[in-house]
Amino acid sequence: MTASRSASFEGAIEFAQDLIRIPSLPGEEGELTRRVVDEMESLGYDEVRTDELGSVVGVVRGGTGPRVMLSAHLDMVAEGDPAEWEYPPFGGVIADGCLHGRGAMDIKGPLALQTHVAAALRGQASGDIIVAHPVYEERGGWGMDHLTRPDGGLRPDLVIIGESTQGDIAIGHRGRAEIEIVGTGLAGHASAPDRARNALDLVSPILAGVADLAARQDSDEVLGPASVVATGVEAVPASLNVIPDRVTVTLDWRILPVDTEESLVARVEDALGPHLRRFDAEEGGERGAGVEVRMATQLQRAYTGVEEERRLLSPGFLMDPGHPIVTAAAGAVGRRTGTGPARVRPWVFATDGGWTCGVRGVPTIGFAPGEERYAHTNTERLDLDEARWGYSKYLDLVPAVQQAAGA
Ligand SMILES: [Zn+2]
């Protein structure tokens, strides 16, 4: 395609302002997608398309070298009470040297920078630059899981995620899993407890098992410890004059990259086992044996109409700090203040890198301007001096990591 708009930092910020003005909750990214497609076409991308879920993929063709994927995401978290914002959440206001609003740094500002950087590198890249902005990142990454699916998905050689790092190179994060432990009994009227088997009796042995599990969490040198905690108990039926026949204990588990769905469920079952067997022995029954452990799920619906019951798992990942791509990235970016290579560290939150690297095994790093502490808050902002620096560093970063991946 011929470009009708040229890539620049200023153009990227104007584009980011437009993006902030288009709200895009998960499942409602359609209008934003059209704006992103329009920008890629105007910038002369060689290929622009959307997939079944409505994620955007643009390609700027390069040489035969490694294919790098730049990725932000299209969705945002809710804005909360607009009255609590100093600047309107969907205004795209520039003031005090910052771009303000929902998505300014998570992630429409960096999305716009990446989108322009790829066009600016036309003719200079040793391999294709794939710019992939998926839907549904904020609810576990369905969009990226689908984009990189083993049958027919994208196969880049390396990935740069545009979640804010404040100019550092990010190399991983813990993941998150939501697990449900479901115990059953026999419902009955509260006036006749002898005829019922109260499902709530199972909560005590279940929580004792969870406490054992929590005490046995592994730690990673870089990512820190995994942690698991019970965050909810729900009894059904909910009427307070009925003995419930079902109880669900929900766990929030911050996991290390080695964990899989199967291993997580098995570890919960192992931890509960002794406590439930003791409960059964004391009760003279077999109720503990009927306790079921499963991944929590949520029905998700893309704006294109596709629906899927998704397990609530955001995988973690970790790159070796000495990986040639990490070293090349840190060297190319450097420090904004001071000298030497960029700092290399994990993120505190989960990203789509859990899918690209943790699950699909593609080397993945993160780089973007913006302070993580502003993410998901009503003071969200992107410092424009830092963003300008980040844009220029991206122009060095992409060729450097492509070269490192090809070496
Ligand atoms: Zn984000």
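Q: At about what angle to S24 does H9 run where it lies across S5 and S24?
A: In this predicted model, helix H9 (384-406) is among the elements that cover the buried residues of H7. H9 also lies across strands S5 and S24, and its angle to S24 is about 65 degrees.

Q: Which strands are the edge strands of the open sheet that contains S5?
A: Three strands make up this open sheet, in the order S4-S5-S24, with antiparallel pairing. S4 and S5 (residues 98-100) are joined by 2 bridges, and within S5 the partner of Ile-94 is Leu-99. The strands that pair on one side only, and are therefore the edges, are S4 (94-95) and S24 (381-383).

Q: Why is helix H7 (residues 324-333) described as largely enclosed by the rest of the structure, and how many of its residues are buried?
A: The buried residues of H7 are Ile-325, Val-326, Ala-328, Ala-329, Ala-330, Ala-332 and Val-333. What covers them includes strands S7 (158-161), S8 (169-170), S22 (344-345) and S23 (364-366), together with helix H9. H7 is largely enclosed because the buried residues number 7 of the 10.

Q: How do the residues on the side of domain 1 that touches domain 2 divide into nonpolar, polar and charged?
A: The protein is divided into domain 1 (9-173 + 316-406) and domain 2 (175-300), and their C-alpha centres lie 38 Å apart. The contact takes 14 residues from domain 1 and 9 residues from domain 2. On the domain 1 side, the elements giving two or more residues are strand S9 (172-173), strand S21 (317-318) and helix H8 (353-359). The residues of that side divide into 7 nonpolar, 6 polar and 1 charged.

Technical notes. Residues are numbered from 1 along each chain as its sequence is written. This is a predicted model: local features need pLDDT of at least 70, side-chain atom pairs count only at pLDDT 80 or more; totals for chains, interfaces and linings use all residues. A residue is buried if 20 or more other C-beta atoms lie within 10 Å of its own, exposed if 12 or fewer, and partly exposed in between; C-beta atoms are placed from the backbone. Helices (H or I, at least four residues) and strands (E, at least two) are DSSP runs, numbered from the N terminus. Two residues are in contact if their C-beta atoms, placed from the backbone, lie within 7 Å. Axes are lines fitted to C-alpha atoms, for helices over the stretch in contact, and angles run from 0 to 180 degrees between N-to-C directions. Domain bounds come from an automatic or database domain assignment. Ala, Val, Leu, Ile, Met, Phe, Trp, Tyr, Cys and Pro count as nonpolar, Asp, Glu, Lys and Arg as charged, and the others, Gly among them, as polar.
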